[in-house]
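Reader: I would like to learn how to read the features of a model such as this one, step by step. Where should we begin?

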Amino acid sequence: MFGLADFWRFLWSLLLIYPLVIFIHELGHAFFVKLLGGNFRLMIGRGRQLFKKGPFSLHVMYFLDSYCEYAKLKWNNRLTHFLVHAGGILFNLASVLILNLLISNGYLEERKVFEQFSYFSVWLSVFSLVPVDYGDENYSDGLAIYFVLRYRKWPKLTG
């Protein structure tokens, strides 16, 4: 049954936990772009821009969408483009692994918030791997990885 306590937990998840998971995902893409000598632009949310610092911008509806795009990499091959497109997934899964290690080694207590964070991180990772063509040459991470590995095509990064 969905009660008042569940509603507050839902709002907490929607407005804080899920945006954090999305930010970690996009940070994974940006990390590999920067590591491999490229430039990136990272946008969190939709609507009117609230804040901009360098390549990072935060928008009013920060919980709706995210976007990371990149320019040429210093090294242009399958491995580098694979890492860029898989970076978000790798960062999400690594964050869950680190969180679980901290809990299992007694540095953090088990809490519902960590369970929600882990759930959204794994959920986003799995759904990012689903091969989807969004149109206008915008692909999910999974389909982009497929194009990189199979056809040596360097799709633009859109998520």
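Author: Let us begin with exposure: a residue counts as buried under 20% relative accessible area, as exposed over 50%, and as partly exposed in between. Please keep in mind throughout that this is a predicted model.

Reader: With those limits in hand, is Trp123 buried, partly exposed or exposed?

Author: Trp123 has 32% relative accessibility and therefore counts as partly exposed; its place is in helix α3.

Reader: How should I read an aromatic pair, and how many does the structure hold?

Author: In general, a pair of aromatic rings is described by the distance of the centres and the angle of the planes. The structure holds 15 aromatic pairs. In one of them, the ring centres of Phe32 and Phe91 are 6.3 Å apart and the planes stand at 70 degrees, so the pair is edge-to-face. Since Phe32 belongs to helix α1 (residues 4–35) and Phe91 to helix α2, this pair ties together parts that are 59 residues apart in sequence. As for exposure, Phe32 is buried at 12% relative accessibility, while Phe91, at 25%, counts as partly exposed.

A further case is the pair of Trp123 and Phe127, which is tilted, with 5.1 Å from centre to centre and 40 degrees between the planes. Both residues lie in helix α3 (residues 112–129), four residues apart, which is about one turn of the helix. Phe127 is partly exposed, with a relative accessible area of 47%.

Reader: Which residues do ring pairs link into a cluster?

Author: The cluster consists of Tyr18, Tyr119, Phe120, Trp123 and Phe127, linked by ring pairs. Some of these names return when we turn to the surface, where Leu93, Tyr119, Val122, Trp123, Val126, Phe127 and Val130 make a nonpolar patch of about 630 Å². Helix α3 contributes the largest share of that patch, five residues.

Reader: And how do I read the interior, in particular the largest nonpolar core: which of its residues touch the most other members?

Author: The general idea is that in soluble globular proteins, nonpolar side chains tend to be buried together. Here the largest nonpolar core has 14 residues, and those touching the most other members are Ile17, Tyr18, Val21, Ile22, Phe117, Phe120 and Leu124. Each of α1, β1 (40–53), α2 and α3 supplies at least two residues of this core, and the largest share, six residues, comes from α1. To follow one member in detail, take Ile22, which, when neighbours within four places in sequence are left aside, is in contact with Ile44, Phe63, Ser66 and Leu124. Apart from this core lies another, of six residues, among them Phe32, Val33, Leu36 and Tyr70.

Reader: Which residues does Asn92 touch, if those up to four places away in sequence are not counted?

Author: Under that condition, Asn92 touches Val21, Ile24, His25, Ser121, Leu124 and Ser125. Asn92 lies in helix α2 (residues 78–104), and at 0% relative accessibility it counts as buried.

A second buried residue to read in this way is Ile145, at 10% relative accessibility, which is found in helix α4 (residues 141–151). Beyond its neighbours within four places in sequence, Ile145 is in contact with Phe82, His85, Ala86 and Leu129.

Reader: Finally, how should I read salt bridges, and how many does the structure hold?

Author: Side chains of opposite charge can pair when their charged atoms come close. The structure holds four salt bridges. One of them joins the side chains of Arg9 and Asp6 at 3.5 Å, N to O; these residues are three apart in helix α1, and thus separated by about one helical turn. Arg9 is partly exposed at 35% relative accessibility, and Asp6 is partly exposed with a relative accessible area of 25%.

The side chains of Arg41 and Glu69 also meet in a salt bridge, at 3.7 Å, N to O. Because Arg41 lies in strand β1 and Glu69 in strand β2 (residues 56–70), this pair ties together parts that are 28 residues apart in sequence. Arg41, at 40% relative accessibility, counts as partly exposed, and Glu69, at 30%, counts as partly exposed too.

Reader: Is Glu109 buried, partly exposed or exposed?

Author: Glu109 is exposed, with a relative accessible area of 55%, and its side chain meets that of Arg111 in a salt bridge of 3.8 Å, N to O.

Note on methods. Residues numbered from 1 in each chain as written. Predicted model: local features only at pLDDT ≥ 70, side-chain atom pairs only at ≥ 80, totals over all residues. Heavy atoms only, no water. Buried < 20%, exposed > 50% of the residue type's maximum accessible area, 1.4 Å probe, protein only. Contact = heavy atoms within 4.5 Å. Phe/Tyr/Trp six-rings, centres within 6.5 Å; stacked < 30°, edge-to-face > 60°. Patch = residues over 30% accessible without salt bridge, like charges linked within 9 Å, V, L, I, M, F, W, Y side chains within 5 Å. Areas by Shrake-Rupley, 256 points an atom, 1.4 Å probe, with all protein chains shown as cover. Core = buried A, V, L, I, M, F, W, Y, C linked by side-chain atoms within 4.5 Å.
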